[in-house]
Amino acid sequence: MAKLLIVEDDESVRTLAARALERAGHTIDIAADGAQGLSLIRAANGGYDLVVSDIRMPEMDGIEMAIAAAALFPAMKILLMTGYADQRERAEELNGIILDVVQKPFTLAEIRSRVERALICFA
């Protein structure tokens with residue numbers, strides 16, 4: 001299936017998303033914040049089919065990471081997640097960089113569905 005990067009500072013959410021997407025047949029790498037996520041993106045030379053990232057994180061947030069990743073790898077597909085309305089509004093300025101924003105909390109079925117849709121619709 002696809003090679004995905006999950007970037008999330010909350011370990012329980014990160015583990016939940018990673019397990020759900022692994023069970024759907026995807027290969028998963030994980031990062032605990034945007035800086036670590038960007039480092040993995042660089043190390044993989046942009047070789048992820050999709051990056052799924054929280055917005056609000058310490059050190060480097062998901063929006064900063066998305067902008068930096070898109071500057072390095074313009075074709076990279078990025079799906080953001082947030083539980084905060086103000087963060088969702090910030091993400092609206094990233095048209096052309098991100099595919100969509102997933103609202104937290106989400107179910108296992110919902111995150112699998114949103115990832116599958118992103119992979120199919122934006123292939």
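**Figure 1. Glu59, an exposed residue in the loop between strand 3 and helix 3****.** In this predicted model, Glu59 has a relative accessible area of 68% and therefore counts as exposed, the cut-off being over 50%. The loop that holds Glu59 runs from strand 3 to helix 3, the latter spanning residues 62-72. Glu59 is not a glycine, yet its phi is positive, at about 65°. Most residues other than glycine have a negative phi.

**Figure 2. Asn45 in the loop between helix 2 and strand 3****.** The view shows the loop that joins helix 2 (34-43) to strand 3 (50-54), with Asn45 in it. Phi of Asn45 is near 55°, a positive value in a residue other than glycine. The relative accessible area of Asn45 is 60%, so this residue is classed as exposed.

**Figure 3. The cis peptide bond from Lys104 to Pro105****.** Omega of this bond is near -5°. Most peptide bonds are trans. Pro105 belongs to the loop that links strand 5 (100-103) with helix 5 (108-121). Across the structure, the C-alpha atom of Pro105 is 17 Å from that of Gly62, and 43 residues separate the two along the chain. Lys104, on the other side of the cis bond, is among the contacts of Asp54, a residue shown in the next view.

**Figure 4. Asp54 in strand 3 and its contacts****.** An unreviewed UniProt entry gives Asp54 the annotation "modified residue: 4-aspartylphosphate". Asp54 has a relative accessible area of 4% and is buried, because the value is under 20%. Apart from neighbours within four places in sequence, the residues in contact with Asp54 are Val7, Glu8, Asp9, Gly62, Leu80, Met81, Thr82 and Lys104. Strand 3, in which Asp54 lies, spans residues 50-54.

**Figure 5. Gly62, a buried residue of helix 3****.** The relative accessible area of Gly62 is 0%, so Gly62 is classed as buried. Helix 3 covers residues 62-72, and Gly62 is found in this helix. With neighbours within four places left aside, Gly62 is in contact with Ser53, Asp54, Ile55, Met57 and Leu80. Two of these residues, Asp54 and Leu80, also touch each other, since Leu80 is listed among the contacts of Asp54.

**Figure 6. His26 in the loop between helix 1 and strand 2****.** The flanking elements are helix 1 (11-23) and strand 2 (27-31). His26 has a relative accessible area of 5% and counts as buried. The C-alpha atoms of His26 and Met1 are 5.1 Å apart, although 25 residues separate the two along the chain. Beyond neighbours within four places in sequence, His26 contacts Met1, Ala2, Leu4, Leu21, Val115, Glu116 and Leu119. Of this set, Val115, Glu116 and Leu119 fall in helix 5 (108-121).

**Figure 7. Glu89 in helix 4****.** Helix 4 is formed by residues 85-91 and includes Glu89. The relative accessibility of Glu89 is 52%, which places this residue in the exposed class. The C-alpha atoms of Glu89 and Val101 are separated by 9.8 Å, with the two residues twelve apart along the chain. Val101 falls within strand 5 (100-103).

**Figure 8. The whole chain, as context for the close-up views.** Five helices and five strands make up the secondary structure, in the order β-α-β-α-β-α-β-α-β-α along the sequence. The radius of gyration is 13 Å, which agrees with the value near 14 Å that a compact globule of 123 residues would have. The C-alpha atoms occupy a box of roughly 30 × 30 × 25 Å along the principal axes. Buried residues make up 47% of the 123. Of the contacts between residues at least 6 apart in sequence, 65% join residues at least 24 apart. The exposed area is about 6100 Å², and carbon and sulfur atoms supply 50% of it. There are 13 positive and 19 negative charges, and their mean positions lie 5 Å apart. An unreviewed UniProt entry places "domain: Response regulatory" at residues 3-119. Within residues 3-119 the chain is 45% helix and 21% strand, and the C-alpha atoms at the two ends are 10 Å apart.

Technical notes
Residues are numbered from 1 along each chain as its sequence is written. This is a predicted model: local features need pLDDT of at least 70, side-chain atom pairs count only at pLDDT 80 or more; totals for chains, interfaces and linings use all residues. Side-chain values use heavy atoms; hydrogens and water are left out. Helices (H or I, at least four residues) and strands (E, at least two) are DSSP runs, numbered from the N terminus. The radius of gyration is taken over C-alpha atoms; the globule rule is 2.2 Å times the number of residues to the power 0.38. Buried means under 20% relative accessible area, exposed over 50%, partly exposed in between (1.4 Å probe, protein chains only). Contact means heavy atoms within 4.5 Å. Accessible areas come from the Shrake-Rupley method with a 1.4 Å probe; for residues, only the protein chains shown count as cover. Lys and Arg count as positive and Asp and Glu as negative; His and the chain ends are not counted. The place of a charge is taken as NZ of Lys, CZ of Arg, CG of Asp or CD of Glu. UniProt positions are given in the numbering used here, feature names are shortened, and annotations may be inferred rather than shown by experiment.
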